[in-house]
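Open the model in your viewer and keep the sequence panel beside it. This tour tells you what to select next and what is there.

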Amino acid sequence: MSILQGKDDIFLDLKQKFWNTYKCGLMYWPLVQLTNFSFVPIQWRTAYTGLYGFLWATFLCYSQQSGDGTLTSVFTFLRLKEANAVERPPEK
């Protein structure tokens, strides 16, 4: 992606985010698959895995754009968004 974005140091994102993202994946996917094979009926397993794959892809996109590859950055973003929604009055 760094090549397509025209960045000077194409390995900078890899150095900064790879290990954090990899560790998150090692925590995320085993839990998803454990629940998938333990609790989800056979006919729903593909849809279940697809849904969690979509959530993982969303996390990867967020991490590429503004995060540091950790779930903490996502939760911080969600808290800030929630705090901003509370502070602003609804628009008409």
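Select tyrosine 22. Is this residue of the predicted model buried, partly exposed or exposed? Tyrosine 22 has a relative accessibility of 41%. Buried means under 20% and exposed means over 50%, with partly exposed in between. Tyrosine 22 therefore counts as partly exposed. Its place is in helix α1, which runs over residues 12–39.

Keep Tyr22 selected and add Ile3, Ile10, Phe11, Leu14, Phe18, Trp19 and Leu26. Show them as a surface. Together with Tyr22 they form a nonpolar patch there, and the accessible area of the patch is about 860 Å².

**Zoom out to the whole chain**

Colour by secondary structure. How many helices and strands does the chain have? It has three helices and zero strands. Along the sequence the pattern reads α-α-α. The radius of gyration is 17 Å, while the globule rule gives 12 Å for 92 residues. The first value is well over the second, so the chain is more spread out than a compact globule. Turn the model around. The C-alpha trace spans about 45 × 45 × 20 Å along its principal axes.

Now show the full surface. The accessible area of the chain comes to about 7600 Å². Carbon and sulfur atoms account for 68% of that area. Of the 92 residues, 21% are buried. Take the contacts between residues at least 6 apart in sequence: 55% of them join residues at least 24 apart.

**Go inside**

Hide the surface. Select Cys24, Tyr28, Val32, Val40, Tyr48, Trp56, Phe59 and Val74. These eight residues make up the largest nonpolar core. Helices α1 and α2 each supply at least two residues of this core.

Stay with one of the core residues, valine 32. What does valine 32 touch, leaving aside neighbours within four places in sequence? Its contacts are Tyr48 and Tyr52.

Next, select asparagine 36, also in helix α1. Its relative accessible area is 2%, so asparagine 36 is buried. Beyond its neighbours within four places in sequence, asparagine 36 is in contact with Arg45, Tyr48 and Thr49. Tyr48 was also on the list for valine 32.

**Cross to helix α2**

Helix α2 covers residues 45–65. Select glycine 53, which sits in this helix. Is glycine 53 buried, partly exposed or exposed? Its relative accessible area is 25%, and glycine 53 is partly exposed. Draw a distance line from its C-alpha to that of tryptophan 29. The two residues are 24 apart in sequence, and their C-alpha atoms are 9.1 Å apart in space.

Move along helix α2 to serine 63. With 4% relative accessibility, serine 63 counts as buried, because buried means under 20%. Show its contacts, not counting residues up to four places away in sequence. Serine 63 touches Lys17, Thr21, Asp68 and Gly69.

**Last stop**

Select aspartate 13 in helix α1. Its relative accessibility is 13%, so aspartate 13 counts as buried. Now add aspartate 68, one of the residues that serine 63 touches. How far apart are the C-alpha atoms of aspartate 13 and aspartate 68? They are separated by 9.0 Å, although the two residues are 55 apart along the chain.

Notes
Residues numbered from 1 in each chain as written. Predicted model: local features only at pLDDT ≥ 70, side-chain atom pairs only at ≥ 80, totals over all residues. Heavy atoms only, no water. Helix = DSSP H or I, 4+ residues; strand = E, 2+ residues; numbered from the N terminus. Buried < 20%, exposed > 50% of the residue type's maximum accessible area, 1.4 Å probe, protein only. Contact = heavy atoms within 4.5 Å. Patch = residues over 30% accessible without salt bridge, like charges linked within 9 Å, V, L, I, M, F, W, Y side chains within 5 Å. Areas by Shrake-Rupley, 256 points an atom, 1.4 Å probe, with all protein chains shown as cover. Salt bridge = Lys/Arg side-chain N within 4 Å of Asp/Glu carboxyl O. Rg over C-alpha atoms; globule rule 2.2 N^0.38 Å. Core = buried A, V, L, I, M, F, W, Y, C linked by side-chain atoms within 4.5 Å.
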